[in-house]
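Trainee: Could you walk me through how to read this model at the bench, feature by feature?
Mentor: Sure, let's put it on the screen.

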Amino acid sequence: MVKNPNLSYIIATKNKLPYLKIALEKLIANKKEGEEILVADGASTDGTKEYIEELERAGKIDFYISEPDYAESHALNKLFLKAQGEIIKIINDDDAYYFPVIEKCKNFMLTHLEIDIIGMEGGSFKHETPRRQVLRQVKGYKENYLKWKKDKTPFEFAVLGLMFRRSSLPLLGFWDLSFKNADAEYTFRATASKAKLAWCLSPAFVFIRTKEGVTMNNMKRMHEETLRLRKFYLNENQPFKLLIAIKRPFRNFKDWLSVKEKSDDVSSGTWRELYDEAEKWLIDQNKNKEVEFLS
């Protein structure tokens, strides 16, 4: 175990060994002195336990647990309690990250002790058809942050870009196990709290959809949860179902035209190919650019 770590990377996983191997390979290669890696496995049956045991024996990760849990949120809560770092960064087992930006965010928090949370820009693959995905930067984060800065309007953002201070856990709280859309619930709750938030303007992650992922297996429930959260935090009324039904064909046609116009950006490869594309995109987005923060 690292003594007095400044950053704890935590990963929750279950039966996603091919993805986890790449995620940990990249993370271990980018791990800096004074950082620790902790893994919670939900009693996988695909060889995950044996793999992380081997990494722990080799000193490549600092802690692991493998036991039944109540899905990802439960696993992350266990790791929140075990982490020793001044700063905590969640790493998903099937998404891509740009560690130089994460390093800059860590250093920002270590020198700005008043900040509880940092959010980061990022990208996402969007399914235009079942076999076609387009990588785009997620839009609206900066604008939502600036609105929060002005009038404290809560907003949601991807936990892939979330970094927070461990000593702020009593203020921020733990993951709510009753939500599948834990990202939305946690970030709405955090931005509605007394927490002090900063924003990194450099892309640090790419969300890659996988058939085993929480999002793809719970899309309807997650959408319904988001509508409830927006009603609670923003007092937004849910749109009428008839209006949604009318708008959907037009939105789908608009998306199709967007793909046709930018066909060079369309991806249809394997997950590893999408990962490689995401890595290249992150490098290109950050090339010759200084990392900037809003606070």
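Mentor: We'll go from the whole chain to a few helix contacts and then to single residues.

Mentor: This is a predicted model, where local features need pLDDT of at least 70 and side-chain atom pairs count only at pLDDT 80 or more, while totals for chains, interfaces and linings use all residues. Residues are numbered from 1 along each chain as its sequence is written, and side-chain values use heavy atoms, with hydrogens and water left out.

Trainee: How many helices and strands does the protein chain have?
Mentor: Helices (H or I, at least four residues) and strands (E, at least two) are DSSP runs, numbered from the N terminus. Here the protein chain has 11 helices and 11 strands.

Trainee: And what share of the residues is buried?
Mentor: Buried means under 20% relative accessible area, exposed over 50%, and partly exposed in between, with a 1.4 Å probe and protein chains only. Of the 295 residues in the protein chain, 47% are buried. The chain exposes about 15,400 Å², with 52% of that supplied by carbon and sulfur atoms; accessible areas come from the Shrake-Rupley method with a 1.4 Å probe, and for residues only the protein chains shown count as cover.

Trainee: What about contacts along the chain?
Mentor: Contact means heavy atoms within 4.5 Å. Among contacts with a separation of 6 or more, 79% join residues 24 or more positions apart.

Trainee: Why is helix H7 described as largely enclosed?
Mentor: It spans residues 182-191, and 8 of its 10 residues are buried, so the rest of the structure largely encloses it. The buried ones are Ala 182, Ala 184, Glu 185, Tyr 186, Thr 187, Phe 188, Ala 190 and Thr 191.

Trainee: How do I read two helices packing together, say H1 and H2?
Mentor: Start with a general idea: an α-helix has 3.6 residues a turn, so residues three or four places apart point the same way. Next come the axes, which are lines fitted to C-alpha atoms, for helices over the stretch in contact, with angles running from 0 to 180 degrees between N-to-C directions. The axes of H1 and helix H2 (residues 48-57) come within 10 Å and cross at roughly 15 degrees. That makes H1 roughly parallel to H2; angles under 35 degrees count as roughly parallel, over 145 as roughly antiparallel, 65 to 115 as roughly perpendicular and the rest as oblique.

Trainee: Which residues of H1 and H2 make the contact?
Mentor: From H1 come Leu 17, Leu 20, Lys 21, Leu 24 and Ile 28, and from H2 come Thr 48, Tyr 51, Ile 52 and Leu 55. They divide into 7 nonpolar, 1 polar and 1 charged. For that split, Ala, Val, Leu, Ile, Met, Phe, Trp, Tyr, Cys and Pro count as nonpolar, Asp, Glu, Lys and Arg as charged, and the others, Gly among them, as polar.

Trainee: And at what angle do H1 and H11 pack?
Mentor: Helix H1 (residues 17-30) and helix H11 (residues 271-286) pack at about 25 degrees, with their axes 11 Å apart. The two are therefore roughly parallel. Tyr 19, Ile 22 and Lys 26 of H1 meet Trp 271, Arg 272, Tyr 275 and Glu 279 of H11. This contact has 4 nonpolar, no polar and 3 charged residues.

Trainee: Now backbone angles. What should catch my eye?
Mentor: Most residues other than glycine have a negative phi. Lys 152, although not a glycine, has a positive phi of about 60 degrees. Lys 152 sits in the loop between helix H5 (141-151) and strand E8 (163-165), and at 47% relative accessibility it counts as partly exposed. Asn 235 also has a positive phi of about 60 degrees. Asn 235 is in the loop between helix H9 (219-234) and helix H10 (241-261), and is exposed at 57%.

Trainee: Is Phe 164 buried or exposed?
Mentor: Buried, with a relative accessible area of 0%. Phe 164 is in strand E8, and its contacts, leaving out residues up to four places away in sequence, include Phe 80, Ile 88, Met 109 and Leu 172. Phe 164 and Ile 117 are 47 residues apart in sequence, yet their C-alpha atoms are 4.3 Å apart.

Trainee: What does Asn 286 touch?
Mentor: Setting aside residues up to four places away in sequence, Asn 286 touches Tyr 98, Val 101, Ser 202 and Pro 203. Asn 286 is in helix H11 and is buried at 9% relative accessible area.
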